[in-house]
Amino acid sequence: MWKRWFSYKSLDALRADAAALGVDGDVEFDDTPDAALERVTIAGRTLSNRLAIHPMEGCDGTADGEPGELTLRRWRRFGAGGAALIWGEATAVLPEGRANPRQLLLTPERIGVYARLVRETRAAHREAFGHDRDLLVGLQLTHSGRYSHARPVIAAHNPALDARTFVDRAHGITVDAAYPLISDADIERLEDAYARAARCAAEAGFDFIDVKHCHGYLPHELLGARSRPGPYGGSFENRTRFARNTLAKIRAEVGGALLLAARVNVFDGVPYVADPATGIGVPGPFPVPYIHAFGVNPDDPLHEDLDEPLAFARLLAVEGVELLNVSLGIPYINPHLGRPFDRPSGGSYLPPEHPLLGVARHFRLTAAVQRTFPDLAVVGTGYSWLQRWLVHAAAANIRKGAVTIAGVGRGALAYPDFARDAREKGVLDSKRVCLAVSFCTDLMRAKNNEAGQYPTGCVPRDAMYADLYAESIGRPTGAQSDKNAPAPEAPALGTQEPDA
C-alpha cells in the first residue's frame, strides 16, 4: 500500500527532513521566490523570470499528428501561466517514431496548425501580461525508438531492456537477439528528418527546438550504444555522431532562425522491479559491467559517472546548443529517478527511497553540469514533488549558481499559472499544486478508447481529466475522481509514453 510521503505543513518541517536525510546541502529553500523571478538573458532574448514549463505531452493530438483542442487548451493555459520559458512537448519527426497514436507529428503539411499553436500560446500570454517580449516558446523533436507504439526501433541491444520491450504484447513476444537494429542508412535519414522538422518549427514561429536525448528514446539510446557496431556505436565519438550530424544539418537548414536546445539524460540508472513481498522498487537483473547506459558507472551502475555527460554537454555547446535541460532516468524502467513520486502509477513499484533523495539527486547532478559550464543556460528538473515550496527551492538553486532556470513538469499540468502566482502572491496555493500521485501517468497508459489512447492531465485538479480517468476505469463520470482511487493496471513497457 502506498504511503503519503509529503505531509509537510511548513517550510521549516521540509527543511528539517532534508537535514535529517543529509541532503540539506543539495536541497535548500529561500524564504521567498525572488531569485526565481529575476530576469535572465539567453542568446540575446531577455526572459522576465527563471521559471520554465517542461515538455509535458498531452497524448491529445489528432490521429494524423496535429494539435487537438485539448492540446491548444493546455498550451494556452501555459501561455497565460507566467513561466517565461515554455519547452513544448515531444513531437515526432517521422510517423513511425510516435510514442502513441495521439502524439504530435511535425511535417511540412502541418506547419499551419503548429503556427496556430504558437499564435494562441503567445496571445494568451499577451492577454495576461500585456506583451510577449519576455516569452520563449520551443518544441521538442523526438523519435521514440524502442518505445515507438507501432513497432520498436532499437539502436542497440540491451538484455536488461530487450526482455521488457514488446514487439507483440498480445502474444508475449519481446525483442530478442535476432531483432534487427536500425540501420546506419536509416539513422542518416533520421538526421535529415530532424532538419526538415526544424525548418517546419521555424516557419511555424517557434523560438527554439530541442533535439531530445533523454528517457530511452532513439537519440538517447545511441549515447549508450557501446555494443553497436559501425559509425554510430562503440566509441564516444561514434555514439555522439548522430547528435553532431543532426545539429549541423539543422544549422544548415535554418541558420540562426532558431535557438538550439537539448534535453539530456545525465544518469540513466538500471531497471527496477517491484519486490514481490513489499511492492517496493528494487533493481532488476542487469549485467555487470553495465555497458548499455549513459552516465552510469559500468561497474556500479546504481551510481552516476558524469565524465561522458559533461563531455557531451561540452560537445553540444560547441555545436551551438545554448539551452541545456538536464534529466535523469528512463520512465519505463525506473520512474522514481525522473519524477520523485508519492503514489506510483498503476502496476509500477512503490518508491525505493524517500522522494526528497530523488529531488536531491536531480539538484546535485544539475548543479554539477551548471558549475562546469557557468555560461551555459541550464534548465533543472525535479521540482514538482516539493509542491507549494518548489519556487523557494528554485530560488535557492538559482541564487547559489546551481541552475539558470527551474523547470516544472507534472506540476504545470496541475497548476499552469504557478509562475504567475509566485510573482503576484509570493507563494503557491497548496490546493492547486501537483500531489505526485501519478494519475496523469495512469491516463497516459490507458488505451481502452476508440482513439487507442486517452489524453492526459491532472486528475485531482482538473475536472475534465477526472472524468476521463473515471471513464478509463469504468466509473461514473461527472465528479472529480478520488485521488486515492485504485489505478488501472499499467501495460507492459515499450507500449506507451509515461513522461507526464
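At what angle do the axes of helix α3 and α5 cross, and within what distance do they come? In this predicted model, the axis of helix α3, which spans residues 111-129, comes within 8 Å of the axis of α5, and the two cross at roughly 50°. Two packed helices are described by the angle between their axes and the distance between the axes. At this crossing angle, α3 and α5 are therefore oblique to each other, and their crossing is right-handed. On the α3 side, the contact is made by Ile111, Tyr114, Ala115 and Val118, while α5 contributes Cys200, Glu203 and Ala204. By character, the residues of this contact comprise six nonpolar and one charged, with no polar residue.

Helix α5 also takes part in the interior of the model. The largest nonpolar core consists of 118 residues, and those with the most contacts inside it are Leu141, Phe206, Ile209, Leu316, Trp385, Leu386 and Phe418. Helix α5, residues 184-204, supplies the largest share of this core, namely eleven residues. A second, separate core contains 15 residues, among them Leu47, Leu85, Phe208 and Ala261.

The surroundings of Leu141 illustrate the packing within the largest core. When neighbours within four places in sequence are left aside, Leu141 is in contact with Thr91, Val93 and Leu106, as well as with Tyr194, Ala197 and Ala198. Its further partners are Ile209, Asp210, Val211 and Lys212.

Another position examined in helix α5 is Ala193. Ala193 has a relative accessible area of 2%, which lies under the 20% limit, and this residue is therefore buried. Outside its neighbours within four places in sequence, Ala193 is in contact with Val93 and Leu94. Val93 is also listed among the contacts of Leu141. Ala193 and Glu96, although 97 residues apart in sequence, are separated by 12 Å in space, C-alpha to C-alpha.

A further region considered is helix α16, which covers residues 463-472. The buried residues of this helix are Tyr465, Ala466, Leu468, Tyr469, Ala470 and Ser472. The elements that cover these buried residues include α2, residues 69-80, and α15, residues 439-445. Following α16 is Gly474, which has a positive phi, near 75°.

Notes: Residues are numbered from 1 along each chain as its sequence is written. This is a predicted model: local features need pLDDT of at least 70, side-chain atom pairs count only at pLDDT 80 or more; totals for chains, interfaces and linings use all residues. Side-chain values use heavy atoms; hydrogens and water are left out. A nonpolar core is a set of buried Ala, Val, Leu, Ile, Met, Phe, Trp, Tyr and Cys residues joined through side-chain atoms within 4.5 Å. Buried means under 20% relative accessible area, exposed over 50%, partly exposed in between (1.4 Å probe, protein chains only). Helices (H or I, at least four residues) and strands (E, at least two) are DSSP runs, numbered from the N terminus. Contact means heavy atoms within 4.5 Å. Axes are lines fitted to C-alpha atoms, for helices over the stretch in contact, and angles run from 0 to 180 degrees between N-to-C directions. Angles under 35 degrees count as roughly parallel, over 145 as roughly antiparallel, 65 to 115 as roughly perpendicular and the rest as oblique. A crossing is left-handed if the near helix is turned anticlockwise from the far one by less than a right angle, and right-handed if clockwise. Ala, Val, Leu, Ile, Met, Phe, Trp, Tyr, Cys and Pro count as nonpolar, Asp, Glu, Lys and Arg as charged, and the others, Gly among them, as polar.
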